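Work through the exercises below with the sequence and the model side by side. Try each task before you read its solution.

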Amino acid sequence: KPTFTVGGKSFTAVAINTAAKAGEWIKLKLGTHERLTLKSTPHDLVTEVDKGSETMIRNLIKTHFPHHTILGEEGVAPGADASAKALETMKDNEYLWIVDPIDGTTNYVHGFPFFSVSIALAHRGEVIVGVVYDPCGDELFVAEKGKGAYLKGKRMQVSGEAKLSDSLIATGFPADSDFALPLNLKGVQAVAPKARNIRVAGSAALHMAYVAAGRLSGFWEIGLNSWDIAAGSLLVSEAGGRVTDTSGQPYTLAVRHVLATNGTVHDELQTTLSEAGATGA
Ligand code: IPD
Ligand code: CA
Ligand code: CA
Ligand code: CA
């Protein structure tokens, strides 16, 4: 399988090794965190393990690519537009790593074994590598632009479902309870009667990896940040799916209201959210 290289080092190999190391470490630390801090809202948590994971990831990336820029969730000021503000200052950087050191901190804190490490590399604003690692399930999802998406060495393919009524769909309940949460609840109210069922398992990145793996036919959520979505977006598109914002506009790093599907249920899900006034647009 060909890889992108700089100075003989593969971007993808570094992304995989880094996600695996950080993932193993957070799993080792599971249940032992000592400091739980609230960030922007009572639903927005951080522990010293999130911070330690991010530091480990930064150091590993910097060892290989000292001149690349790194955007990590715990490295920027908290708040609804945290990633948008940071991206604004980083958008001209050639290589940008986008890191979520634990996606699913609430699950992590409660010992609910569904969380992930998400690492993406963007070149001039376009995601070219995406890795999501689930340390509890020991599943590493990896994609390279133009080269497919893989799980345990096997190429991933999105599900074949053509209708919402045959589809398992996921969403999330965002930390921003003023704007994003009410919209997502509205979306759930509209989508639940039409879909086979809905899952809200608590890691946006892992939900998107599951769309890529064909385990879910779609995922949407209002009010995410680039680090929740960037790696997952490439997994889904390289597995043959489709990623837009909830209004159906093409995915960019600035997208916060994401819709990622197998492609065939995309329009039905998008229309359902639109008609419910639940796109956030
Ligand atoms: C959160 C998770 C969760 C989603 C929230 C995100 P975090 O990320 O992805 O599933 O519903 O909107 O903020 O804070 O655990 O990295
Ligand atoms: Ca967080
Ligand atoms: Ca996250
Ligand atoms: Ca996080």
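## Getting oriented

The protein has 8 helices and 16 strands; helices (H or I, at least four residues) and strands (E, at least two) are DSSP runs, numbered from the N terminus. Its radius of gyration is 17 Å, close to the 19 Å that the globule rule gives for 281 residues, so the protein is as compact as a globular protein of that length. The radius is taken over C-alpha atoms, and the rule is 2.2 Å times the number of residues to the power 0.38.

This is a predicted model: local features need pLDDT of at least 70, side-chain atom pairs count only at pLDDT 80 or more, and totals for chains, interfaces and linings use all residues. Residues are numbered from 1 along each chain as its sequence is written, while chains are lettered from A and ligands numbered from 1 in the order in which they are written.

## Exercise 1: the overall build

Task: describe the box that the C-alpha atoms of the protein fill, and state what percentage of the residues count as buried.

Solution. Start with the box. Along the principal axes, the C-alpha atoms fill roughly 50 × 40 × 35 Å. Next, burial. A residue is buried if 20 or more other C-beta atoms lie within 10 Å of its own, exposed if 12 or fewer, and partly exposed in between; C-beta atoms are placed from the backbone. Of the 281 residues, 50% count as buried. Last, contacts. Two residues are in contact if their C-beta atoms, placed from the backbone, lie within 7 Å. Among contacts between residues at least 6 apart in sequence, 70% join residues at least 24 apart.

## Exercise 2: two domains

Task: find the domains and describe the side of domain 1 that touches domain 2.

Solution. First, the bounds. The assignment gives domain 1 (5-155) and domain 2 (164-275); such bounds come from an automatic or database domain assignment. Their centres, taken over C-alpha atoms, are separated by 20 Å. Then the contact. Domain 1 puts in 39 residues and domain 2 puts in 28 residues. Several elements of domain 1 each supply at least two residues of its side, among them helix H3 (82-90) and helix H4 (105-110). Finally, the classes. That side has 20 nonpolar, 13 polar and 6 charged residues. Ala, Val, Leu, Ile, Met, Phe, Trp, Tyr, Cys and Pro count as nonpolar, Asp, Glu, Lys and Arg as charged, and the others, Gly among them, as polar.

## Exercise 3: the ligand

Task: why does ligand 1 lie between the domains?

Solution. Look at the shell. It holds 15 residues, and the closest are Asp103, Thr105, Gly172, Pro174 and Ala204. A residue is near the ligand if its C-beta atom, placed from the backbone, lies within 6 Å of it. The shell divides into 5 nonpolar, 5 polar and 5 charged residues. Both domain 1 (5-155) and domain 2 (164-275) give residues to the shell, so ligand 1 lies between them.

## Exercise 4: strands and sheets

Task: trace the open sheet of 7 strands, then examine strand E16.

Solution. The order is E5-E6-E7-E8-E9-E10-E11, with mixed pairing. Two strands pair if DSSP finds at least two bridges between them. The edges are strand E5 (69-72) and strand E11 (154-155), each pairing on one side only. E5 and strand E6 (residues 95-103) are parallel, over 4 bridges. Threonine 69 has leucine 96 of E6 as its bridge partner.

Now E16 (residues 258-261). Val258 and Ala260 point one way, Leu259 and Thr261 the other way, and all are buried. Strand E14 (residues 218-221) pairs with E16 in the antiparallel sense over 4 bridges. Strand E15 (residues 242-245) also runs antiparallel to E16, joined by 4 bridges. Alanine 260 is the bridge partner of phenylalanine 219 and of valine 243.

## Exercise 5: three residues

Task: decide whether serine 83, arginine 124 and lysine 152 are buried or exposed.

Solution. Serine 83 is in helix H3. It counts as buried because it has 24 C-beta neighbours inside 10 Å. Its contacts beyond four places in sequence are Asn225, Ser226 and Trp227.

Arginine 124 sits in the loop between E7 and E8. It is exposed, with 11 other C-beta atoms within 10 Å. Its phi is positive, about 45°, although it is not a glycine.

Lysine 152 is in the loop between E10 and E11. It is exposed, with 10 C-beta neighbours inside 10 Å. Its phi is also positive, about 50°.
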